[in-house]
Structure formats: C-alpha cells, structure tokens
Amino acid sequence: MKSQISAKAILVSILSVGSFVAPGFASTSDAPVTINVSVKRFAYEPSEITLKKGEPVVIKLTTEDVAHGLKFKELNLNTKIEKGKTAELAFTPTQTGDFVGHCSVFCGSGHGSMTLTLHVTE
C-alpha cells in the first residue's frame, strides 16, 4: 500500500511540474528573433531585413573598424556601436512599411551613403 501511495505521489508531482513547464514552451513564439548585422565603412551587411509586424526582434550589430551608429528616426530607434564591440536594438515593429536607418556616427567620406532598410510586413 505504501508503494502505491508513493507511486501516486510521484505521478501527481510529475504532472504538476509538467503543467508549469508547458506554458513556457508554448510561449517560445514570443521570444525575439536575433538578426546579426556586420557594420563597416560604409555598409551594413545585410543591408536589407524583412520583419513581421508584432514579432519581437533583436538586431545585433558588430563592428571591427571604427565606431558607427544606427538610427531609425521614424521608429524612434538609435544606438552606437564602439569599435570591436556589439550593440543591440531590441524592439517589436508596430507598423508596416519600409524604414531606412542611417549611420549616426560620422565614420568617413562614405558615411552619408550608409543605410540599412527594414521592410516590415503583416
């Protein structure tokens, strides 16, 4: 009889833990997508990114040559990337359209042509 009670107690414990764990697995769709972007004079690679409205994203920017920046005025996003370091822009797009980001730290003669385009779709 004692072993039956122990077995039932173990089974109930496992099922209880499972009910707490399962919701965590179900919410993985809410986890942000990470997109790596390499930044160098005078380009972002990739230079265009397609995102979905309402889906969280982290744009991870790295640079090895000089300090750079990235600013999306329409999206109120701005960051600076120090030489040899990484910076992140974490956000959830709330509107559709094409948004052009520009380098916000002067980095040389081609600075004005440095752009990264975000295409946000439904």
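## Close-up views of a predicted model

**View 1. Strands S1 and S2 form an antiparallel pair with three bridges.** Strands here are DSSP runs of E with at least two residues, helices are runs of H or I with at least four, and both are numbered from the N terminus. Two strands count as paired if DSSP finds at least two bridges between them. Valine 39 sits opposite tyrosine 44 of S2, and the hairpin that joins S1 to S2 runs through two residues. This is a predicted model, in which local features need pLDDT of at least 70 and side-chain atom pairs count only at pLDDT 80 or more, while totals for chains, interfaces and linings use all residues. To help you find your way, residues are numbered from 1 along each chain as its sequence is written, and side-chain values use heavy atoms, with hydrogens and water left out.

**View 2. Two cis peptide bonds, one on the way into S2 and one after S2.** Arginine 41 and phenylalanine 42 are joined by a cis peptide bond with omega about -5°. Phenylalanine 42 lies in the loop between S1 (33-40) and S2 (43-45). The bond from glutamate 45 to proline 46 is cis as well, with omega near 5°. Proline 46 belongs to the loop between S2 and strand S3 (48-52).

**View 3. Valine 37 and its surroundings in the nonpolar core.** S1 pairs with strand S4 (residues 57-63) in the parallel sense over seven bridges, and leucine 61 in S4 is the bridge partner of valine 37. Setting aside neighbours within four places in sequence, valine 37 is in contact (heavy atoms within 4.5 Å) with Tyr44, Glu45, Pro46, Ile49, Ile59, Lys60, Leu61 and Thr62. The largest nonpolar core has 24 residues, and Val37, Tyr44, Ile49, Leu51, Ile59, Leu61 and Leu118 touch the most other members. At least two residues of this core come from each of S1, S3, S4, S5, S6, strand S7 (86-91) and strand S9 (115-121). Such a core is a set of buried Ala, Val, Leu, Ile, Met, Phe, Trp, Tyr and Cys residues joined through side-chain atoms within 4.5 Å. Buried means under 20% relative accessible area, exposed over 50% and partly exposed in between, using a 1.4 Å probe and protein chains only. In soluble globular proteins, nonpolar side chains tend to be buried together.

**View 4. The hairpin of S5 and S6, with asparagine 76 between the strands.** Strands S5 (68-72) and S6 (77-81) are linked by a loop that holds asparagine 76, and they pair in the antiparallel sense over five bridges. Leucine 70 has threonine 79 of S6 as its bridge partner. Four residues lie between the strands of this hairpin. Asparagine 76 is not a glycine, yet it has a positive phi of about 60°. This residue is exposed, with a relative accessible area of 72%, whereas four of the five residues of S5 are buried.

**View 5. Aspartate 30, in the loop between helix H1 (2-26) and S1.** Aspartate 30 is exposed at 55% relative accessibility. Its C-alpha lies 9.7 Å from that of valine 57, 27 residues away in sequence.

**View 6. Confidence along the chain.** The average pLDDT (the predictor's confidence in each residue, from 0 to 100) is 83 for the protein chain, and 76% of the residues score at least 70. Over residues 9-28 the pLDDT is below 50, and this stretch has zero contacts in the model beyond near neighbours in sequence. Where pLDDT is low, the predicted coordinates should not be read in detail.
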